[in-house]
There are 2 protein chains.
Amino acid sequence: MGVCLEGIGDEMVFRKVPGKGVRITQITGADLPFETEKNVAGVAALALVNAANPDSGFEIEIHKKIKAGSGIGSSSASAAGAVFGINELMGRPFTKHQLVDFAMKGEALASGSEHADNVAPCILGGFTLVRGYNPLDVIKIESPSEIYAVVLHPHIEVKTSDSRAVLSPNVTLKAAITQWGNLGGLIAGLYTKDYELIGRSLQDVIIEPMRKKLIPGFENTKNSALDAGALGAGISGAGPSIFALCKGQTSAEKVAFAMSNAYLETGIPFDIHLSKVNDEGVKTI
Amino acid sequence: MGVCLEGIGDEMVFRKVPGKGVRITQITGADLPFETEKNVAGVAALALVNAANPDSGFEIEIHKKIKAGSGIGSSSASAAGAVFGINELMGRPFTKHQLVDFAMKGEALASGSEHADNVAPCILGGFTLVRGYNPLDVIKIESPSEIYAVVLHPHIEVKTSDSRAVLSPNVTLKAAITQWGNLGGLIAGLYTKDYELIGRSLQDVIIEPMRKKLIPGFENTKNSALDAGALGAGISGAGPSIFALCKGQTSAEKVAFAMSNAYLETGIPFDIHLSKVNDEGVKTI
């Protein structure tokens with residue numbers, strides 16, 4: 001599952017130009033390749049353009065505002081933005097669900113595997129569940145209006161290889177059953193806008209116990225969020241970011257303050273975001 | 001998760017009598033113990049009565065219509081009926097959710113473990129999800145109005161010990177992820193009344209592959225149900241019953257006919273039920 005945040009995101013500029021293909025003309029905020037085939041946004045855009053075969057070319061400017069490797073979905077933002085922008089310029093030949101498929105090609109360049117965990121919420125907004133692949137089956141769930149997210153991003157690098165190496169290929173049936181319950185409870189809570197049920201269900205007994213050791217200060221920061229009234233908290237993406245979901249902005253502000261204070265103890269620099277859920281997904285500004 | 005069926009069920013009669021305790025005065029349809037402490041309905045009733053401490057006793061007649069060991073929840077029906085009936089006679093001191101807790105005590109006598117998988121749908125009706133225990137957390141999901149169930153009950157005994165022995169204590173993370181997707185998709189499909197999504201999600205990649213070998217003719221019967229238009233099909237409870245969910249009564253009739261024909265090939269006697277979902281649960285008749 002994934003969720004799309006409001007106010008944290010990249011900005012991109014698109015131009016329809018004579019000719020064919022996709023060209024990246026400007027990149028600010030990050031040191032990324034300009035070659036289309038080596039750039040996440042470029043690869044996603046090419047997948048779309050190759051499928052649509054329009055009689056024009058496209059130029060893209062990328063203004064990165066999300067740091068790579070944060071666990072906040074930086075590469076997905078680029079991929080989602082690219083397919084969204086070009087689809088708009090072409091007059092929307094593809095649905096948002098179809099765009100997820102193209103954006104996954106960009107995600108594959110960044111993460112080594114085609115998955116929709118992050119591009120789906122970027123494009124569709126709200127909460128998303130990837131039921132499965134072959135064919136891709138993504139379900140969008142509207143966010144209850146009072147859900148706010150706090151995301152604390154420690155400025156450390158967790159290597160993808162490390163973050164994969166700690167995952168065991170097997171889980172106990174007992175833990176899987178517990179997590180089926182939590183997953184089901186979370187989805188039921190989102191549909192019924194039952195904030196307490198959402199809170200009780202925001203528990204990860206599978207991945208978090210394996211990966212939390214890679215994130216200094218995780219346990220203490222998570223507990224401080226829960227003590228301050230967060231509905232739940234956990235690892236954002238593959239980490240190192242730590243997220244909390246809260247009911248209402250006032251609660252989120254209290255939780256953000258508590259998490260900041262807790263993380264200061266580690267001595268590791270960080271930034272922290274407080275955001276409503278973006279129920280619309282990537283959009284024209 | 002579980003689901004409550006309409007028209008398949010036990011009938012019970014309750015009487016408030018002078019004195020204390022719970023006495024089982026009549027049992028038809030099955031050879032079950034009359035001693036309250038050795039009878040599933042008796043144990044569930046005692047759990048309730050001990051908590052409420054009413055100034056009267058209760059008599060129970062049990063008229064079994066569901067065969068034990070079928071995987072249709074025979075013991076759960078007795079436990080659910082007992083706590084429901086006595087709670088009604090006491091003037092409903094407990095909520096339906098609380099009754100699930102008491103009924104679990106009866107279930108424990110039958111299955112060796114206190115679980116709510118079957119008593120929860122019997123009491124609450126519709127579809128139920130057991131999110132977790134300690135404390136018990138059960139979520140009721142209203143059934144989309146056109147869901148019908150077909151349940152084929154082969155007259156063979158699958159020993160509980162066999163049905164447990166085939167379960168591996170571990171599952172692959174890959175299979176667990178697939179099943180999280182299916183579980184999430186099923187719940188989303190139930191809330192949004194998206195029958196196709198319900199169908200795509202009705203896949204069990206965890207337990208069914210381990211247990212289906214205990215049920216002769218399973219694969220063939222399941223496939224015949226799907227070919228005839230069932231949304232999905234699988235093992236009912238721990239087996240040996242095979243269930244299919246369908247959209248609408250006409251489709252369910254077609255599926256029931258196809259499953260019957262397929263099962264006839266095994267030469268094993270069976271009975272087959274076609275039922276709407278009972279969205280109310282156990283009730284006064």
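# Packing exercises on a two-chain model

The buried residues of H10(B) pack against four elements of chain B: strand E7 (147-154), helix H9 (218-227), strand E10 (242-247) and strand E11 (270-276). This is a predicted model, in which local features need pLDDT of at least 70 and side-chain atom pairs count only at pLDDT 80 or more, while totals for chains, interfaces and linings use all residues. Residues are numbered from 1 along each chain as its sequence is written, chains are lettered from A and ligands numbered from 1 in the order in which they are written, and side-chain values use heavy atoms, with hydrogens and water left out.

## Exercise 1: helix H10 of chain B

Compare the span of H10(B) with the expected one, then list its buried residues.

1. Helices (H or I, at least four residues) and strands (E, at least two) are DSSP runs, numbered from the N terminus.
2. The expected span of a helix is 1.5 Å times one less than its number of residues.
3. H10(B) covers residues 249-264, so its 16 residues should span 22 Å. Its end C-alpha atoms are 22 Å apart, which agrees.
4. Buried means under 20% relative accessible area; exposed means over 50%, and partly exposed lies in between (1.4 Å probe, protein chains only).
5. The buried residues of H10(B) are B:Ser251, B:Ala252, B:Val255, B:Ala256, B:Ala258, B:Met259, B:Ser260, B:Ala262 and B:Tyr263.
6. An α-helix has 3.6 residues a turn, so residues three or four places apart point the same way.

## Exercise 2: B:Ser76 and its helix

Place B:Ser76, and say whether B:Ser76 is buried or exposed.

1. B:Ser76 sits in helix H2 (residues 74-89) of chain B.
2. Its relative accessible area is 0%, so B:Ser76 is buried.
3. Contact means heavy atoms within 4.5 Å. Leaving out residues up to four places away in sequence, B:Ser76 touches B:Glu107, B:Asn118, B:Val119 and B:Cys122.
4. The helix is mostly covered: 13 of the 16 residues of H2(B) are buried.
5. From first C-alpha to last, H2(B) reaches 23 Å, close to the expected 22 Å.
6. Just after H2(B), B:Gly91 has a positive phi of about 90°.

## Exercise 3: the three-stranded sheet of chain A

Work out the strand order and the edges of the sheet that holds E1, E5 and E6 of chain A.

1. Two strands pair if DSSP finds at least two bridges between them.
2. E1(A) and strand E5 (residues 127-132) of chain A are joined by two bridges, antiparallel. A:Gly2 has A:Thr128 as its bridge partner in E5(A).
3. The open sheet has the order E1-E5-E6 (chain A), with antiparallel pairing. Its edge strands are E1 (2-3) and E6 (137-141) of chain A, each pairing on one side only.
4. Axes are lines fitted to C-alpha atoms, for helices over the stretch in contact, and angles run from 0 to 180 degrees between N-to-C directions.
5. Helix H6 (residues 173-192) of chain A lies across E5 and E6 of chain A, at about 45° to E6(A).
6. A:Tyr191 is in H6 of chain A. At 22% relative accessible area, A:Tyr191 is partly exposed.
7. Beyond its neighbours within four places in sequence, A:Tyr191 contacts A:Ile139, A:Lys140, A:Ile141, B:Ala188, B:Tyr191 and B:Thr192.

## Exercise 4: the four-stranded sheet of chain A

Which helices lie on the sheet that holds E7 and E10 of chain A?

1. The strand order is E9-E10-E7-E11 (chain A), in an open antiparallel sheet. E9 (232-235) and E11 (270-276) of chain A are the edge strands.
2. The twist averages 15° from one strand to the next.
3. Seven bridges join strand E7 (residues 147-154) of chain A to E11(A). A:Leu152 stands opposite A:Ile272 in E11(A).
4. Helix H9 (residues 218-227) of chain A touches E7, E9 and E10 of chain A, at about 160° to E9(A).
5. Helix H10 (residues 249-264) of chain A lies across E7, E10 and E11 of chain A, at about 15° to E7(A).

## Exercise 5: the cores

Which residues have the most contacts inside the largest nonpolar core?

1. A nonpolar core is a set of buried Ala, Val, Leu, Ile, Met, Phe, Trp, Tyr and Cys residues joined through side-chain atoms within 4.5 Å.
2. The largest has 61 residues, and A:Ile147, A:Val171, B:Ile147 and B:Val171 have the most contacts inside it.
3. Among the residues that A:Val171 touches are A:Ile206, A:Met210, B:Val171 and B:Leu173.
4. A second, separate core of 38 residues includes B:Leu46, B:Phe58, B:Met104 and B:Ile123.
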